[in-house]
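Please open the model in your viewer and keep the sequence panel beside it. The stops below are meant to be taken in order, each with a selection to make and a note on what is found there.

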Amino acid sequence: MATDQFEHATFYLTRKQVNEIKELAKANQISRSALVRMIIREYLAKQGENKS
């Protein structure tokens, strides 16, 4: 069985970013935590592309 390897990272958000996430979550009817996970995945994917 294959397993995924996870790295722990800390992300600091400004108050404005937090408020934008709340508004996006409300507008798209998605939980804030799910939205943050999507944003982090996208950020990490872009970082991976930049390293290639």
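The tour goes from the whole chain to single residues.

Begin with the entire chain shown as a cartoon, bearing in mind that this is a predicted model. The secondary structure comes to two helices and zero strands. If you then switch on the surface, the accessible area of the chain is about 5,300 Å², and carbon and sulfur atoms account for 52% of that area. Of the 52 residues in the chain, 8% are buried.

Next, select residues 15-28, which form helix H1, and display the side chains of Lys16 and Glu20, which meet in a salt bridge with an N to O distance of 3.7 Å. Because these two residues are four apart in helix H1, about one helical turn separates Lys16 from Glu20. Lys16 counts as exposed, at 59% relative accessibility, whereas Glu20, at 40%, counts as partly exposed.

Now move to Gln29, which is placed in the loop between H1 and H2. Which sign does the phi of Gln29 have, positive or negative? The phi is positive, at about 50°, although Gln29 is not a glycine. As background to this stop, most residues other than glycine have a negative phi. Gln29 also counts as exposed, because its relative accessibility is 77% and the cut-off for that class is over 50%.

Continue to helix H2, which covers residues 32-51, and select Glu42 together with Lys46, whose side chains meet in a salt bridge at 3.4 Å, N to O. Here too the partners are four residues apart in their helix, so that about one helical turn lies between Lys46 and Glu42. Lys46 is partly exposed at 45% relative accessibility, and Glu42 is likewise partly exposed, with a relative accessible area of 47%. In general terms, side chains of opposite charge can pair when their charged atoms come close. The count of salt bridges comes to two.

For the last stop, stay in helix H2 and select Tyr43, then add Phe11 and Leu44, since these three residues make a nonpolar surface patch of about 290 Å². Tyr43 itself counts as partly exposed, because its relative accessibility is 42%, a value that lies between the 20% and 50% cut-offs. With Phe11, Tyr43 and Leu44 shown as a surface, the nonpolar patch can be inspected directly in the viewer.

Notes: Residues numbered from 1 in each chain as written. Predicted model: local features only at pLDDT ≥ 70, side-chain atom pairs only at ≥ 80, totals over all residues. Heavy atoms only, no water. Buried < 20%, exposed > 50% of the residue type's maximum accessible area, 1.4 Å probe, protein only. Areas by Shrake-Rupley, 256 points an atom, 1.4 Å probe, with all protein chains shown as cover. Patch = residues over 30% accessible without salt bridge, like charges linked within 9 Å, V, L, I, M, F, W, Y side chains within 5 Å. Salt bridge = Lys/Arg side-chain N within 4 Å of Asp/Glu carboxyl O.
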